[in-house]
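Colleague: Mind if I pick your brain about this model while we have it open?

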Amino acid sequence: MKPGEEGMPEKKEQARRKTSPTQPEQSTRSGLDAAALERALIENLSALLARFPAFATTYDWYMALSYTVRDRLMQRWIRTVQSLQGHVKVACYLSAEFLMGPQLGNNLVNLGIEEEVRAATQALGVNLDELIAYEEEPGLGNGGLGRLAACYLDSLASLEMPAIGYGIRYEFGIFDQLIKDGWQVEVTDKWLQYGNPWELVRPEIAFYVKFGGHCEAKTDPQGRYTVRWVEGHQVKGVAYDTPILGYRVNTCDTLRLWKSEAVESFDFEDFNVGDYYGAVAEKTLSETLTKVLYPNDEPEVGKRLRLAQQYFFVSCSLQDMLRLLDLKGEPIERFPDLFAVQMNDTHPSIAVAELMRLLIDERGLPWEQAWDITVRTLAYTNHTLLPEALETWGLPLFQRLLPRPLEIIYEINRRFLADLRTRYPGDEPRIARMSLIDEHGERSVRMAHLATVGSHAVNGVAALHSELLKKTVLRDFHELWPERFANVTNGVTPRRFVVLSNPGLSHLLDAAVGPAWVTEMDRLKGLEAKAGDAGLQTECRRVKRFNKERLAHLIHERTGTTVDPDSMFDIQVKRIHEYKRQHLNALHIVALYNRIRHDPGFNPVPRTFIFGGKAAPGYHMAKLIIRLIGGIAEVVNRDPAVRDRLKVVFFPNFNVKNAHFVYPAADLSEQISTAGKEASGTGNMKFSMNGALTIGTLDGANVEIREEVGAENFFLFGLTAEEVLALKARGYDPRGYYEGNAELREAIALIESGVFSRGDRGLFAPLTSALLARDEYLVFADFGAYAERQREVDAAYRDPARWARMSILNVARMGKFSSDRSIREYAERIWGLSPVPVKLEA
């Protein structure tokens, strides 16, 4: 339902909440009671949307309510900005992604006014839940990286930490996913087509970013070597701000996203001579920069655009920080004392070179002083051990697009290698490994190396990941600077992923341990002593059943498939990738299906297998895995032989909005990546917080989740990271595992027979052939252990009291995985940041 739809019911004559006769009427702009909110809704509907209630559409009411809620943020936002004046240090989080999710419901939770807003909308004959569901999701991220950044902004504000998130305002976000004939189809994500009521454009906060051209060196009258970058063209970056309110506090931090615009959007000279396209050519070219999230970087033009995006938002952000420093009236030497800049993965790592450029070329600092400021300011979070995800950029591309930053990288590297040769004389292999320039093949810039050399702190995102980081991809750097390396295990915000997503569980937890758990999740340990209580177990089952019914309704609405809420909901939702091993799950389903068909005495617990996630548009194998899941669903769901004992669903377009329904409904969480490949994962935390049990490998944060919840409450299987490396070193032969496991052989044979591909025996050949020949991610090696552990899952689910107890203990022991804990660790160990409580004027 979008603009132009038929109007909602007219205002009804209902009893309304009135302010008490002894209390003054609250302000229409800032009041939090139902009466003030109702007045504000009507006023905004009229003044901002030119509508009156009788003819207002869902769109009109949604926008009016969003503006009404945003008004309540304004005073807090202004007071927060005012509190940053003076000697207050600010965390600046640089991220190419911010997967924020819908804002309306989250802001109602954090303001604590959902009940009052519900009363106000009800009095106007409007359904609040419909308005919350109506909101478009900002598609400004691809998955865990962007969602982590959003969780961290929520925690920074909730902990009253001053912070600014810096990123890109993509006009078109991550694609919307459709499933047609079992295949993923990508559709443009037009999240901005009806406007965004939560953002404020700041046209006065704009910076110019250079690209191309050449550099001119000279010596100034004082004898200093200087460089002038003569750009090929410039782009203007304009700030768009979104307020990020903390939970039940007055701190309202800022998400500042940059939109690219032309320096001159219209050329009258071209227009007057009849070159109408040329008149707007610069505008078209410049605005392309922030059109789309993650362009396909296979072709050269895609690589160029992606590198340009990264430099653009980093340069705008650093220029903005220097502007804020000047507004504070502080000297440049104080920059590291007032700004802590965290680079979220390698995408913003060009910040090392760009901050040096700004300090040397624009501020006239000598190299040594600029380098000291840069290193003390910047910190780097690594999110991957996969070599292909550690960004490198070819030197020809870099030279053409960013000639001056490349010169600075060369100089950083020259000085760095000179220091290394002093420390490790004669060890040229080490020097080559650590160089910022990869000399093999097409020479390229190693962005992870640049980030590591230019930062005072480097952290991994789970204990296992951090250890592997120190032993593998950054081993040489850890040996050089062990003091720089740390671990900060990821976390997720319980405000969005429990309070907002799972209100039934939230109310249950409030009653059991008190409402303070929302910001002090360790208080949930108070549930441990009650885990065996029959009454609490019954209530937990009731909440879970409601959440499963809610998801079942959505599945039927989106896919047409009917699923049974009384079946076990076995869920795997995450980006589709071979290392995440959705195909291991699929092979197990085929094996179960085979056994049900051929063994009349086999009677497994009824299960609904739910998959969700997007495959990168150019990643054919991931798309083939989606097609396999769809093919299995098509056959299994129609086969009367399984009698609803198995259902398979691919739930399309998994995003934050849909996650609100998925995580609370899960009985079993599939976290089955190859050990040593997943940096952390955060979906595993969201599932466990909502009472799902985990079947998983010792990978990423699974290790710590298992430690916290107890080994007996976690279904562990599979090779460890060390065993994976050892097996590969010995020479892994997947065919040996295939020949030795009858269930696996029969599953592969059924796939190859064309049963799941409408008779096309060759459709899944690339997948099965890759598994039989290489099996890069050891699916076959772990299949037997996975299937055996799934049988134990089946047995546990047959005992409702045992399952409920395990589920409650998972919830009770998830305190460590709140993003509040993660942010406290960053603040104390890396940023040197302290809370700055914000007080409102009376």
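What follows is a short chat about one residue and a few helices.

Modeller: Keep in mind that this is a predicted model, where local features need pLDDT of at least 70, side-chain atom pairs count only at pLDDT 80 or more, and totals for chains, interfaces and linings use all residues. Residues are numbered from 1 along each chain as its sequence is written, and side-chain values use heavy atoms, with hydrogens and water left out.

Colleague: Is serine 155 buried or exposed?

Modeller: Buried means under 20% relative accessible area, exposed over 50% and partly exposed in between (1.4 Å probe, protein chains only). Serine 155 has 0% relative accessibility, so the verdict is buried.

Colleague: Which side chain joins that of serine 155 in a polar contact of 2.6 Å?

Modeller: A polar contact is a pair of N or O atoms within 3.5 Å; within protein, one must be able to donate a hydrogen and the other to accept it, and residues adjacent in sequence count only if both atoms are side-chain atoms. The side chain of arginine 495 makes one with serine 155 at 3.5 Å. The 2.6 Å contact is with the side chain of serine 819.

Colleague: How are α23 and α30 oriented to each other?

Modeller: Their axes (lines fitted to C-alpha atoms, for helices over the stretch in contact, with angles from 0 to 180 degrees between N-to-C directions) come within 9 Å and cross at roughly 95°. Angles under 35 degrees count as roughly parallel, over 145 as roughly antiparallel, 65 to 115 as roughly perpendicular and the rest as oblique. α23 and α30 are therefore roughly perpendicular.

Colleague: Which residue just after α22 takes a positive phi?

Modeller: Helices are DSSP runs (H or I, at least four residues), numbered from the N terminus, and α22 covers residues 534–559. Just after α22, a positive phi of about 80° is taken by glycine 560.

Terms used: Helix = DSSP H or I, 4+ residues; strand = E, 2+ residues; numbered from the N terminus. Expected span 1.5 Å × (residues − 1).
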